[in-house]
Amino acid sequence: MDYKATLNLPKTDFPMKGNLPQREPEFLARWAEQRLYQKIQESRADKPLYILHDGPPYANGHIHIGHALNKILKDIIVKSRTMEGYRVPYIPGWDCHGLPIEHQVTKQLGAKKKELTSTQLRQLCREYAEKFYTIQRDEFQRLGVLGDWAHPYLTMNHEYEGTIVREFGKFVEKGGVYKGLKPVLWCTQDQTALAEAEVEYEDHVSPSIYVKFPFQVNPGKQFGIPGLDGVEKVSMVIWTTTPWTLPANQAIALHPDIDYAFVQVGDEVLVMAEQLVAATAKACDLSEPKILGLKKGKDGFEGLVCGRPLTDGLSPILLGDFVTLEQGTGCVHIAPGHGMEDYILALKYNAKAQSQILTEPLQVVVPVDDRGCFTSEFEAFAGEHVLKANPQIVEKLQELGVLLGHGTLNHSYPHCWRCKKPVIFRATKQWFVSMDKGQLRERALKEIDRVQWIPERGRDRIFGMITNRPDWCLSRQRIWGTPIPGFNCAKCSATVADPQIIAHIADLVSEHGADVWFERSAAELLPAGTVCSECGGNEFKKEQDILDVWFESGVSHTAVLKPQGEKWWPADLYLEGSDQHRGWFHSALLSSVTTDGSAPYKAVLTHGFVLDGQGKKMSKSAGNVVAPQDVIKQYGAEIIRLWVAAQDYQEDLRISEQILKQLAEQYRKIRNTCRYLLSNIYDYDPLNPAHQIEIDQLPELDRWALMRLNKLNHNVRQGYTDFAFRQIVHELDYFCSVDMSATYLDILKDRLYTFPKESRLRRGSQMVLFKIVTSLAQLMAPILSFTAEDVWDVLPGKTKEQQAAGSVHVATFPEVIPIKDPEALEAQWKELLAIRAIVLGALEQQRRDKVIGSSLEARVVLQVTPNRHRFLQPYEQDLPTLFIVSQVAVTESDTILIEGHLAADVTLGLSVDVTKASDEKCERCWNYRPTVGGHAEHPTLCDRCIEAVS
RNA sequence: GGGCCUAUAGCUCAGAUGGUUAGAGCGCACGCCUGAUAAGCGUGAGGUCGAUAGUUCAAUUCUAUCUAGGCCCA
């Protein structure tokens with residue numbers, strides 16, 4: 001007789017292999033068809049809201065692994081909060097305006113660009129952004145991210161553009177907006193400002209000159225350096241490669257900690273960094289330089305003044321950390337109109353006016369026009385292009401006797417990406433938001449401490465940035481963006497930035513889009529009857545600049561959340577890469593504090609950056625880029641999701657072939673455990689009352705398994721609540737590998753396979769298996785969204801509601817199963833399993849020695865202390881099952897000897913020996929039992945199996 | 001150059017107000033099973049806790065410096 005046919009062997013169609021690259025698109029199609037996102041929202045309509053406000057990625061290019069990380073993290077949170085019972089809408093967005101798109105489009109156009117109007121160029125940019133947001137949207141969805149993909153927010157939507165203008169109006173209304181000078185990269189050929197991304201660094205030969213700035217008063221008293229007092233001429237020596245910026249000089253900067261030498265050369269004394277004396281002496285051909293003494297930058301220099309070489313006025317000596325000893329003299333010529341560091345230093349010193357270092361504020365002097373020619377402000381060279389004027393300026397310095405030395409320097413210098421000409425730094429009029437007028441800085445800092453920063457260090461990071469940042473420059477000299485709705489009086493050129501006018505423009509923009517600004521004249525845009533408040537003129541010119549895109553995305557909380565309803569603002573969570581402390585978190589905070597007086601978010605969660613397997617940044621040139629599209633093709637999006645969850649995303653994350661392979665293995669284990677669970681409930685019906693067993697009546701082993709499940713449930717949900725996803729992966733992994741596969745399921749095989757189909761023990765275990773696999777699907781769903789659904793599909797006996805829902809993602813997390821005294825159960829079984837581990841070790845030794853093969857061939861002899869005996873007595877019947885052996889004998893002994901036994905553990909109070917089992921092997925259940933052979937009809941079966949068979 | 005941060009087995013992660021032999025899962029090696037089978041089980045080998053110096057009776061844990069790496073700024 002074929003006894004195998006009488007067993008209840010596992011049965012399932014659930015495939016061992018996920019086949020994810022092929023199967024995932026099928027799930028996605030189904031979810032789209034059943035409008036899963038909407039269905040979930042409807043099912044939670046009356047639940048408390050949880051708002052995760054999406055930060056908009058830039059609509060340019062395909063998504064990279066960092067995008068995948070960001071969106072999957074969000075998706076895990078959205079799904080887990082949903083399953084915890086919240087209503088969690090997710091509206092994805094895109095940042096559509098800005099330089100990179102305009103740059104790309106312009107590049108593609110080449111010379112044709114000149115033939116296009118602004119509106120036409122903007123249209124091309126719009127199409128470009130549309131193309132890529134669509135591509136990215138599909139790629140995000142492919143990752144299994146659920147959201148309102150049909151209604152995303154785009155910063156180029158007309159309504160959104162209108163909100164940007166309106167919010168700018170509020171900034172103006174609060175009084176912090178002003179126009180001021182700021183240096184930008186400027187192409188004198190194209191007469192346009194350039195962004196850092198628009199310049200190319202190429203070699204360039206510049207003059208290299210050393211110039212004396214003579215002290216007006218001998219500083220000997222100040223420093224007390226011997227031999228200095230009587231000297232007639234004492235000068236600071238600066239070095240520069242841009243002689244043409246000298247007319248704009250305002251100061252000299254020294255490093256506070258560098259030693260400066262007073263060098264006697266002939267009858268004069270020159271001051272320069274000690275370490276650069278030799279190099280400077282060589283470059284300037286100084287004869288017999290003699291160092292009279294040294295002083296650090298911070299020791300007395302600050303505030304002393306020197307004469308300027310080409311202009312009237314005096315330049316104070318200031319201190320700056322940016323001064324280096326790499327080249328020059330360690331004394332830096334400061335022209336705030338022509339250098340970023342110079343400009344920032346000037347702002348810094350002007351701000352500390354009370355410190356009395358300066359007698360008057362430093363000016364941002366720009367004697368250079370759009371064409372790069374000197375203006376009348378520098379009379380001697382007016383009309384001359386600054387780079388062409390360099391040699392003459394050097395000559396002039398020579399004449400004036402302040403040129404200490406000159407040569408040339410070949411160095412890397414910024415050039416215009418379009419015309420390839422060298423560019424210059426030049427201050428131009430820009431729009432700013434003051435950080436301090438209206439206490440924006442102070443109020444923003446206060447708000448920072450009302451926000452929860454995860455991890456906490458994020459607080460310090462943004463706090464430091466807000467503390468130190470200069471005023472926010474809002475203007476950009478570009479086309480593709482939202483215009484700054486300002487006007488200039490044609491007559492008196494007064495700036496018009498009036499909240500009411502701006503509100504009027506905002507309405508126009510909301511209706512027609514920002515193109516309206518470029519298409520209509522100032523007269524058409526302004527409300528009828530507008531007159532200049534300064535001169536009463538009624539003709540105006542439109543402002544040419546657009547707004548910083550950070551302003552645009554910064555107001556998303558207003559553009560996206562507020563229209564949805566009162567409870568949508570502030571958001572519960574913003575979640576982006578840690579670079580956004582300077583970006584979106586920052587601009588959103590400033591915007592929100594200005595217009596609403598508080599932060600737009602309650603919590604901010606940041607993640608790190610994705611690096612390669614060695615922890616190095618990914619780059620095309622290094623050839624170490626891991627593209628999500630490739631991973632999807634090879635492993636499936638599920639593996640990326642698992643990767644996101646398994647890594648410590650708060651630090652930088654690594655990804656490599658090895659890591660992915662390991663994750664695929666881990667995935668296989670979880671999947672296979674589910675498969676095995678499912679395969680053993682093929683004949684189980686959770687809706688059939690006969691298959692329901694009271695929890696209290698289950699054997700301890702089953703209750704232990706349920707207790708472990710409860711623990712898993714608790715820990716996993718805690719993990720979701722705390723955003724500690726890798727804890728969840730570890731919990732799932734451990735539960736599947738250790739609690740289930742190696743313990744519960746292994747032990748259970750005998751019962752499931754050999755017991756009568758309808759036996760209460762078997763049905764009871766099946767009930768447990770059903771609960772476990774159902775719970776696993778629910779608990780893993782936010783991370784392993786496809787696999788959870790795959791399991792959910794084949795669960796037996798769905799209730800009507802479950803069938804209607806049709807997706808695990810509509811479900812909530814499992815209920816905790818009521819188990820009596822779980823602590824005692826846990827403690828008890830911890831001991832039992834520890835004993836089991838010792839026994840397993842002893843079995844292995846006998847296997848090595850070829851005494852046994854399968855553990856069912858074994859008879860285990862335990863020698864235990866009286867205490868241990870009392871503990872084991874209630875389990876004595878169950879021990880063979882627990883150890884998966886045929887026989888267990890327990891004998892009591894007062895002392896446990898380690899010697900002479902296969903294994904022993906004094907703390908556990910037992911020793912273990914293993915022999916070959918006595919009796920015959922039952923053909924059906926493979927146990928060695930004394931009853932085998934006792935039945936004439938089934939001579940190869942044991943009593944238990946005879947009962948099961950008949 | 002400045003601000004913030006990271007460094008524990010081959011991999012992903014735990015861990016300790018400083019205190020015995022630093023843990024888990026996976027992978028690997030070896031073995032078993034052949035009724036989870038391109039599966040399952042067991043046993044085992046892997047770590048100078050990035051480097052150096054200091055504080056301490058005691059440091060992987062605290063401090064400093066360095067090295068490597070990341071984000072932001074210049």
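User: What makes the largest nonpolar core a core, and which residues have the most contacts inside it?

Analyst: In this predicted model, a nonpolar core is a set of buried nonpolar residues joined through side-chain atoms within 4.5 Å. The largest one has 152 residues, and W643, Y744 and L862 have the most contacts inside it. Helix α23 (residues 725–754) brings the largest share, 13 residues. Apart from this core lies another, of 63 residues, including F168 and W569.

User: How do you know that Y744 is in contact with residues beyond its neighbours within four places in sequence?

Analyst: Contact means heavy atoms within 4.5 Å. With those neighbours set aside, Y744 still touches L701, D702, W704, A705, D739, S765, V768, L769 and I772, so each of these counts as a contact by that cut-off.

User: Why is the pair between D648 and RNA strand B called a polar contact?

Analyst: A polar contact is a pair of N or O atoms within 3.5 Å. A backbone N or O atom of D648 is 2.5 Å from a phosphate oxygen of the strand, so the pair qualifies. The side chain of K850 also reaches a phosphate oxygen of RNA strand B, at 3.3 Å, and therefore passes too.

User: Which class of residue has 26 members on the surface near RNA strand B?

Analyst: That is the charged class; the surface also has 15 nonpolar and eleven polar residues. Asp and Arg count as charged, so D648, D652, R726 and D733, among the residues that come nearest to the strand, belong to that class. Helix α23 gives the most to this surface, with eleven residues.

Technical notes: Residues are numbered from 1 along each chain as its sequence is written. Chains are lettered from A and ligands numbered from 1 in the order in which they are written. This is a predicted model: local features need pLDDT of at least 70, side-chain atom pairs count only at pLDDT 80 or more; totals for chains, interfaces and linings use all residues. Side-chain values use heavy atoms; hydrogens and water are left out. Buried means under 20% relative accessible area, exposed over 50%, partly exposed in between (1.4 Å probe, protein chains only). Helices (H or I, at least four residues) and strands (E, at least two) are DSSP runs, numbered from the N terminus. A residue is near a molecule or strand if one of its heavy atoms lies within 4 Å of it. A polar contact is a pair of N or O atoms within 3.5 Å; within protein, one must be able to donate a hydrogen and the other to accept it, and residues adjacent in sequence count only if both atoms are side-chain atoms.
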